Amino acid sequence: MQTRKKYIFLTFLASWLLLFFFGGDQLRHLAFFSGRKAKAWRNWPHWTDRSLLKNFADPEEPQRDGDPSLLSPRERRAAWLNVYKSSRCRMETCFDFSRCEKHGFKVFTYPQERGQPVSESYGKILSSIERSRYHTTNPEEACLFILSIDTLDRDHLSGQYVRNVDEKIRSFPLWNGGRNHLIFNLYSGTWPNYTGDLGFDIGQAILAKASFDTESFRPGFDVSIPLFSKDHPQRGGERGWLYQDSVPPKKKYLLVFKGKRYLTGIGSGTRNALHHIHNGKDIISLTTCKHGKDWEKHKDTRCDKDNVDYEKFDYQELLHNSTFCIVPRGRRLGSFRFLEALQAACIPVLLSDGWELPFAEAIDWSKAAVVGSERLLLQIPSAVRCIHPERVLAFQQQTQFLWDAYFSSVDKIVHTTLEIIKDRLSPHRSRSRFLWNALPGGLLVLPDFSTHLGDFPFYYLQHGSSPSKKFTAFIRAVSQAGSLSQPILRLIQAVSGSQYCAQILVLWSCEKPPPPSGKWPQTSVPLTIIQGRRKVRGALSDRFFPFEAIQTDAVLSLDEHTSLSTSEVDFAFVVWRSFPERIVGFPTQSHFWDPEQGRWGYTSKWTNELSIVLTAAAFYHRYYHSLFTEHLPAGLRELVDGLAACEDILMNVLVAAVTKLPPIKVTQRKQHKEVVAQQVECRDGAAGSPPPGQQSPSAPHSAPTKAKGTAGSRRFSQRQDCLNQLADWFGYMPLVSSQLRLDPVLFKDQVSVLRKKYPRLEKP
């Protein structure tokens, strides 16, 4: 027994001795040598160690992944925390909600200091805010503050870099440590690391930044915005490239990229590897290293060939003729080609690991872009080939919607940023992701109006509902006090006779009080008189104020001199219920481009096209009253109030801008004639809009036949001025022309009137 124990002990001792002499080096890799373990593992394997790994690529290419000039994620995070002390900021901890309770969501921009430089892009941002409905000139009313100091370019090697920002902002009495401030930034950091360093402490300010890293992004507080160039339009913007009649089933190229290749530094790894997927057939991946001052000193063996191939293809042609566009990171995470691909309906394939996508808090990018991984670049071609054609078309359509709704102009980028912040102030009344990602877009859906989809004119099909079966007649009256004109009496009787009429509201726009109730006609529906809100100034836009008395979805807007029959009203309402998002009515007019004068023209002549249905007799959804009053800036409504007969044009422009659709004309028994309102003891009537209509047929581009100086001629001239000023304000012409007119079935057919549902429409 003792001998057995002795042999076991000797065997155990010999094993430890062998392990110590022959395997001692491996012991250093055990857990208790943690300090030296990390260093040993970090240096293995070497990508160029031919004894360990066969080299299938250029040795210089993958080596750059270990570029000593690049910071690790932990080091980048530490650098960011060193600059932004309030890294844990949330709306609940770093934002004063009480400033927004009394006056609502108002934005104050700091006044410009003399001699302070402002870049073109930052000037556009400030202009967008100052022209918007959010702006206030009183800091006491402000909920949010915008610096006048240009903070867009914080690369200290840039000529637009503003120095001593810390000293300047601390001298501002309103700074308050950055609380309730919004800072815009497009470029941060500099060569070689391009960190998120802005060069000053933002304190508790909200950061609206391009190329946002998910590690430094503060969810629910910061806003990620797209990178845009200085040439990006202030307002309006070009439309997307995908048209309804130009959707090919299959484009020439499946996947394309054409851009710079960085030989060293951050961002070089992904772009250096793009040549691996190029096949010269349906996948085109072209790079050039011919950029920068010293490119020839650093060029590699591929540069000369790449530069030759690069010139063989046109970038715009590739965008037009490709289904997918690769959007790799540049020196920073974002790039200009992201917006270029969206506009071109070229589905973005994103290769930018760690990028917080623009407005991702609201936009569902899984419906418009393919998010890839830089490490799995070679799998991208096979991945996009597997996407079904139906889904490809859905992707393309969504790119066009997002481009037009949020990215086509600086105005839309800024307004989207502000609306996202505004939604955070009242989460119970904020827009859902559905509203942000469906037509007409979050900017045109006001949560203050309603949070129920069925209350808007755009979602009846998705919601499985239909508009209410009744309408409210809304008549604007400018008759002299003490008596009512015969036209308005006949109009009230005709409208009240409609089976669909729920009530009649009369907007009394005179300074003197309306006639007593005994002088108004007796009707089968309630008749209510509403006093105008700004009687002295005679604001024309008052007719589109969202009065609480309007409870039905449909509004029949009328002028007191309008002549309609009950059958006309009934048929028009039936048509409107099929098109609740459009204006449906009777008197029509149209616009045209006059190349000789270089401006938009306006005509009320009989033509084969129409683009305006006058609100002297038209149905539309009551939501447009809220949109007109609350969405449009005050300066635009003041413009309308200063020009006679302009408010109905603005309403048509607004609806066309929202829906991208033309109005609808319906059958009218009589031609609507233009009536010049006589001013008798009612100064509001002079400033008001007389019931406009259509004149006798003539050439569509001809001027009115009335002599210059007459009321009709002045009114026509004001309408043309109004049209051009609205086009300038919107940045484009929103009106859409149409050749459609809807008549009842069997209208004017040679059949018995007993078969016709609206026989009275054909009577003279």
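**Exercise 1. Overall composition of the chain**

Among contacts in the protein chain between residues at least 6 apart in sequence, 75% join residues at least 24 apart. The model examined in these exercises is a predicted one. Characterise the secondary structure, burial and accessible surface of the protein chain.

*Solution.*
1. The secondary structure of the protein chain consists of 24 helices and 23 strands.
2. The protein chain has 764 residues, of which 53% are buried.
3. Its accessible surface is about 36,900 Å², and carbon and sulfur atoms account for 53% of that area.

**Exercise 2. Strand β6 and its partners**

Determine which strands pair with β6, and in which sense.

*Solution.*
1. Begin with the strand itself: β6 covers residues 206-209, and I206 and A208 point one way while L207 and K209 point the other way. Residues on both faces are buried.
2. One partner is β4 (residues 181-185), which pairs with β6 in the parallel sense over four bridges. Within this pairing, F184 has A208 as its bridge partner.
3. Another partner is β7 (residues 223-224), which runs parallel to β6 and is joined to it by two bridges. Here S224 of β7 stands opposite K209.

**Exercise 3. Salt bridges**

How many salt bridges does the structure hold? For the pairs E419 and R133, and R719 and D648, establish the distance and the elements joined.

*Solution.*
1. The structure holds 25 salt bridges.
2. In one of these, the side chains of E419 and R133 meet with an N to O distance of 2.7 Å. Because E419 belongs to helix α15 (residues 410-425) and R133 to the loop between α6 (120-130) and β2 (144-146), this pair ties together parts 286 residues apart in sequence. Both E419 and R133 are buried.
3. In R719 and D648, the closest N and O atoms are 3.2 Å apart. This pair links distant parts of the chain, since R719 is in helix α24 (residues 711-730) and D648 in helix α22 (residues 647-659), 71 residues apart.
4. The cut-off for burial is under 20% relative accessible area. R719, at 3% relative accessibility, therefore counts as buried, and so does D648, at 1%.
5. R133 and E419 also belong to a network with D423 and R431, joined by salt bridges that share partners.
6. A further salt bridge joins the side chains of K312 and D309, at 3.5 Å from N to O. K312 is exposed, with a relative accessible area of 59%.

**Exercise 4. The surroundings of R261**

Where is R261 placed, and which side chains does it meet in polar contacts?

*Solution.*
1. R261 is in the loop between β8 (253-260) and α8 (268-272).
2. Its relative accessible area is 1%, so R261 is buried.
3. The C-alpha atoms of R261 and T287 are separated by 5.4 Å, although these residues are 26 apart along the chain.
4. Not counting residues up to four places away in sequence, R261 touches a set of residues including R271, T288, H291 and R302.
5. The side chain of R261 is joined by a polar contact of 2.9 Å to that of N272 and by one of 3.3 Å to that of D306.

**Exercise 5. Disulfides**

How many disulfides are found? Assign the handedness of C89 and C94, and of C100 and C143, and locate the disulfide of C289 and C303.

*Solution.*
1. A search of the whole structure finds five disulfides.
2. The sulfur atoms of C89 and C94 are 2.0 Å apart. Their S-S torsion is about -80°, so this disulfide is left-handed. Both cysteines, C89 and C94, are buried.
3. C100 and C143 are joined at an S to S distance of 1.8 Å. C100 lies in the loop between α5 (91-94) and β1 (107-109) and C143 in the loop between α6 and β2, 43 residues apart. The torsion about their S-S bond is about 65°, so this disulfide is right-handed.
4. C289 and C303 have their sulfur atoms 1.9 Å apart. C289 lies in the loop between β9 (283-288) and α9 (295-298) and C303 in helix α10 (residues 303-310), so the disulfide ties together parts 14 residues apart in sequence. C289 is buried, at 1% relative accessible area, and C303 likewise, at 0%.

Key:
Residues numbered from 1 in each chain as written. Predicted model: local features only at pLDDT ≥ 70, side-chain atom pairs only at ≥ 80, totals over all residues. Heavy atoms only, no water. Buried < 20%, exposed > 50% of the residue type's maximum accessible area, 1.4 Å probe, protein only. Pairing = 2+ DSSP bridges. Salt bridge = Lys/Arg side-chain N within 4 Å of Asp/Glu carboxyl O. Contact = heavy atoms within 4.5 Å. Polar contact = N/O pair within 3.5 Å; in protein donor to acceptor, adjacent residues only side chain to side chain. Areas by Shrake-Rupley, 256 points an atom, 1.4 Å probe, with all protein chains shown as cover. Disulfide = S-S within 2.5 Å.
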